[in-house]
Amino acid sequence: MTGETPAITIPDDLLPADGRFGSGPSKIRPEAVAALAATGREYLGTSHRQTAARFMVASLRNGIAELLSLPDGYEVALGNGGTTSFWDAASFGLIDRRSQHLSFGEFSSKFATVTRAAPHLDDPDLIESVPGTVPEAKAMPDVDAYCLTHNETSTGVAAPVRRPDGAEGLVLVDATSAAGGLRLDAREVDAYYFAPQKCLASDGGLWISALSPAAVERIERIAASDRWVPASIDLGIALDNSRKDQTYNTPALATIYLAVQQIEWILHNGGLPFAAGRCDRSAGILYGWAEASDYATPFVTDPALRSSVVGTIDLDDAIDANQVCAVLRQNFVVDTESYRKLGRNQMRIALYPAIDPDDVEALTHCIDYVVERLR
Ligand SMILES: *Cc1c(COP(=O)(O)O)cnc(C)c1O
């Protein structure tokens, strides 16, 4: 660890209007929090089995369907526990015998760890590549679920999302940091699952999954089989409840509300093309600045793989990235630290739709200001 953080005060006129650049939990728009507070006694603290909350769940499910332009027959399910719980749920309720995983960072490797440990599944097929790149899926006759990650949040790589050539199995996509910020052709996926504390600018603890008719059929078939599944991660039970605009057990009503606020904000502004375009603009600013800088470099070398929702920037070894982040934090510009396990001299900056591209621009000026004073 570094020693004491130098006392550097960034001038007010350089600071972003909002200093939250964390990749998750991420910036929640103050307007959404104000709207939640304004519900007063009408929503928080009321039963999740009654109309106010069920109406909100319905808005969430319909909003996701519209945001992702889901084809006819797709359904939106939800449950408690975030993406990590969904991995457990999928290992019981969506995978028949054997999965294939593209592993190219912390999050994509974690799902593979789940399926490898599951006693009722065969060992998964693992296709790995080094951080900063993405491997290619390969159709295999005994694989019934292809597990992709739309955006590897630990490395800042955005991967293509499409069915592997000749694949018969389901395509399960971890879209936790992608959903609502990266473009999607939903016909290429069977389960597009995520949690709302990233692009959806809400809080954690919930999983949401857009399911194709094939995924629904798989869930219902496994649910009717004699496979034992813990009830809290039983996707058959989750689907039944979702269809009634409920969850199996009590959800965080604030999380649902804030997610709906963000989805409606995106839809009112033009939908996914608006959100993705805004992220593109932020990414252009961040990567453009790094390429022009004499001390910063985009970590992902292939520009086509550089994420427009989470940017990773390596700093020259002469400058301690942790120290830069610590100085920024003292100035209320927070959560720019790199993903800890990646172990690089790096900054990681969220570019989610809620984050104003002007604030990303301001952040680059703040980093320049700090680095000039640290050199
Ligand atoms: C954040 C993240 C997760 C973990 O989500 P939780 O809701 O904390 O379980 C999984 N996958 C990706 C790609 C993520 O970005």
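**Exercise 1. Locate Pro25 in the chain and describe the peptide bond that leads into it from Gly24.**

Solution. Pro25 belongs to the segment before helix H1, which spans 30-38. In this predicted model, the bond from Gly24 to Pro25 is cis, and its omega is near -5°.

**Exercise 2. Determine which residues come nearest to the ligand, and characterise the shell around it.**

Solution. Begin with the residues themselves: 13 surround the ligand, and Thr84, Thr153, Asp174, Gln197 and Lys198 come nearest. Next, sort the shell by class, which gives three nonpolar, eight polar and two charged residues. Then ask which element gives the most to this shell: the answer is helix H3, residues 82-93, with four residues.

Turn now to individual atom pairs. A polar side-chain atom of Thr84 is placed 2.5 Å from an oxygen atom of the ligand, while a side-chain N or O atom of Asp174 lies 2.6 Å from a ligand nitrogen atom. For Lys198, an N or O atom of the side chain is 2.6 Å from an oxygen atom of the ligand. As a last step, consider cover: the ligand on its own has 390 Å² of accessible area, of which the protein covers 86%.

**Exercise 3. Classify the ring pair formed by Tyr192 and Phe194, and state whether these residues are buried or exposed.**

Solution. A pair of aromatic rings is described by the distance of the centres and the angle of the planes. The structure holds ten aromatic pairs. For Tyr192 and Phe194 the centres are 6.2 Å apart and the planes meet at 65°; since planes over 60 degrees apart count as edge-to-face, the pair is assigned to that class. Both Tyr192 and Phe194 are buried. Elsewhere, ring pairs join Phe86, Trp87, Phe111, Tyr193 and Trp207 into a cluster.

**Exercise 4. Identify which ring lies beneath Arg306, and which beneath the charged end of Arg340.**

Solution. Arg306 lies over the face of Tyr287, 5.7 Å from the ring centre. The charged end of Arg340 is positioned over the ring of Tyr339, at 5.2 Å from its centre.

**Exercise 5. Describe the backbone and the exposure of Ala201 and of Asp335.**

Solution. Take Ala201 as the starting case: although not a glycine, this residue has a positive phi of about 45°, and it is found in the loop between strand E8 (191-194) and strand E9 (206-211). Its relative accessible area is 2%, so Ala201 is buried. Asp335, also not a glycine, has a positive phi of about 65° and is found in the loop between helix H9 (321-330) and strand E12 (346-350). With a relative accessible area of 33%, Asp335 is partly exposed.

Conventions: Residues are numbered from 1 along each chain as its sequence is written. This is a predicted model: local features need pLDDT of at least 70, side-chain atom pairs count only at pLDDT 80 or more; totals for chains, interfaces and linings use all residues. Side-chain values use heavy atoms; hydrogens and water are left out. A residue is near a molecule or strand if one of its heavy atoms lies within 4 Å of it. A polar contact is a pair of N or O atoms within 3.5 Å; within protein, one must be able to donate a hydrogen and the other to accept it, and residues adjacent in sequence count only if both atoms are side-chain atoms. Accessible areas come from the Shrake-Rupley method with a 1.4 Å probe; for residues, only the protein chains shown count as cover. Helices (H or I, at least four residues) and strands (E, at least two) are DSSP runs, numbered from the N terminus. Ala, Val, Leu, Ile, Met, Phe, Trp, Tyr, Cys and Pro count as nonpolar, Asp, Glu, Lys and Arg as charged, and the others, Gly among them, as polar. Rings of Phe, Tyr and Trp (its six-membered ring) pair if their centres lie within 6.5 Å; planes under 30 degrees apart count as stacked, over 60 as edge-to-face and the rest as tilted. Buried means under 20% relative accessible area, exposed over 50%, partly exposed in between (1.4 Å probe, protein chains only). A charge sits over a ring if NZ of Lys or CZ of Arg is within 6 Å of the ring centre and within 35 degrees of the ring normal.
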